[in-house]
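Work through the exercises below with the structure open beside you. Try each task before reading its solution.

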Amino acid sequence: LMLARLPLGKLFLLGVRQAARPVAKVAMAGAERSPAFQDCCVAAAQLMQSDRICLPREQAVQAGCTMIGEAVVFGVSGAALTYEYHKSKEAERQKNEDAREVIRLEASSSNAELRLYVEKLQHEVARQGAELAALHKEVYRAKAKGATVDSSM
């Protein structure tokens, strides 16, 4: 019962983030060994150099590796979050569609019930119309018979 109340989406996202950290470390280690990446980090550090900040090559590479690691974690977390968002929207859309289908079925069932009731009433009206016509005939015969009885007196 308690497990059903846990926010499974958030737990999943947390698990994905934790799983992304070792991947980020592997990416950072690979980037740290790559001469092309090191050159890019140094070039970026030189572009941002100012009087207050002057990064040596090792610190520039380390900062770049840290950025790569954070980008991997952020990217994986963002992808998981996007997946969960679309999954929840799809579930909401399906729930709404199911509710609409239930309403359609109830309406169609109600329409069928109303048609049957109207048909029953039409048959009843037809039966009563036939009975009324028979009663009119009897009244007419009774009047005609009574008129002949009165005239013979």
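The exercises go from the whole chain to single side-chain pairs. Keep in mind that this is a predicted model.

**Exercise 1. The fold**

Describe the secondary structure of the protein chain and its order along the sequence.

Solution.
- Step 1: count the elements. The protein chain has four helices and zero strands.
- Step 2: read them in order. The pattern along the sequence is α-α-α-α.
- Step 3: place some of them. Helix 2 covers residues 8–33. Helix 3 runs over 35–47 and helix 4 over 57–152.

**Exercise 2. Burial, contacts and surface**

State what share of the protein chain is buried, how its contacts are spread, and what its surface is made of.

Solution.
- Step 1: take burial. The cut-off is under 20% relative accessible area. Of the 153 residues, 12% count as buried.
- Step 2: take contacts. Consider those between residues at least 6 apart in sequence. Of these, 70% join residues at least 24 apart.
- Step 3: take the surface. The protein chain exposes about 12,700 Å². Carbon and sulfur atoms supply 64% of that area.

**Exercise 3. A nonpolar patch**

Find the residues that make the nonpolar surface patch of about 290 Å², then classify leucine 11 as buried, partly exposed or exposed.

Solution.
- Step 1: name the members. Leu8, Leu11 and Leu14 make the patch.
- Step 2: locate leucine 11. This residue is found in helix 2.
- Step 3: apply the cut-offs. Buried is under 20% and exposed is over 50%. Leucine 11 has a relative accessibility of 44%, so it counts as partly exposed.

**Exercise 4. The largest pocket**

Give the volume of the largest pocket and say which elements line it.

Solution.
- Step 1: size it. The volume is about 150 Å³.
- Step 2: list the lining. There are 11 lining residues. Ala44, Ala60, Ala63, Gly64 and Met67 lie nearest the centre of the pocket.
- Step 3: assign elements. Helix 3 and helix 4 each give two or more residues to the lining.
- Step 4: rank them. Helix 4 gives the most, with five residues.

**Exercise 5. A salt bridge within helix 4**

Identify the partner of glutamate 90 in a salt bridge and describe the spacing of the pair.

Solution.
- Step 1: recall the principle. Side chains of opposite charge can pair when their charged atoms come close.
- Step 2: find the partner. Glutamate 90 bridges to arginine 93, with the closest N and O atoms 2.5 Å apart.
- Step 3: check the spacing. Both residues lie in helix 4, three residues apart, about one turn of the helix.
- Step 4: check exposure. Glutamate 90 is partly exposed at 39%. Arginine 93 is partly exposed at 42%.

**Exercise 6. Arginine 127 and its two bridges**

Compare the salt bridges that arginine 127 makes with glutamate 124 and with glutamate 131.

Solution.
- Step 1: read the distances. The N to O distance is 2.4 Å for glutamate 124. For glutamate 131 the N to O value is 2.2 Å.
- Step 2: read the spacing. Arginine 127 and glutamate 124 are three residues apart in helix 4, so about one helical turn separates them. Arginine 127 and glutamate 131 also lie in helix 4, four residues apart, about one turn.
- Step 3: read the exposure. Arginine 127 is partly exposed at 40%. Glutamate 124 is partly exposed at 32%, and glutamate 131 is partly exposed at 41%.

**Exercise 7. The wider set**

State how many salt bridges the structure holds and name the residues linked in a network.

Solution.
- Step 1: count. The structure holds seven salt bridges.
- Step 2: trace the network. Salt bridges link Glu97, Arg100, Glu101 and Arg104.

Technical notes
Residues numbered from 1 in each chain as written. Predicted model: local features only at pLDDT ≥ 70, side-chain atom pairs only at ≥ 80, totals over all residues. Heavy atoms only, no water. Buried < 20%, exposed > 50% of the residue type's maximum accessible area, 1.4 Å probe, protein only. Contact = heavy atoms within 4.5 Å. Areas by Shrake-Rupley, 256 points an atom, 1.4 Å probe, with all protein chains shown as cover. Patch = residues over 30% accessible without salt bridge, like charges linked within 9 Å, V, L, I, M, F, W, Y side chains within 5 Å. Salt bridge = Lys/Arg side-chain N within 4 Å of Asp/Glu carboxyl O. 1 Å grid on protein atoms, 1.4 Å probe; cavity = no way out; pocket = protein on both sides within 12 Å on 5 of 7 lines; lining within 4 Å. Points joined across faces, edges and corners; volume = space filled by probe spheres on them.
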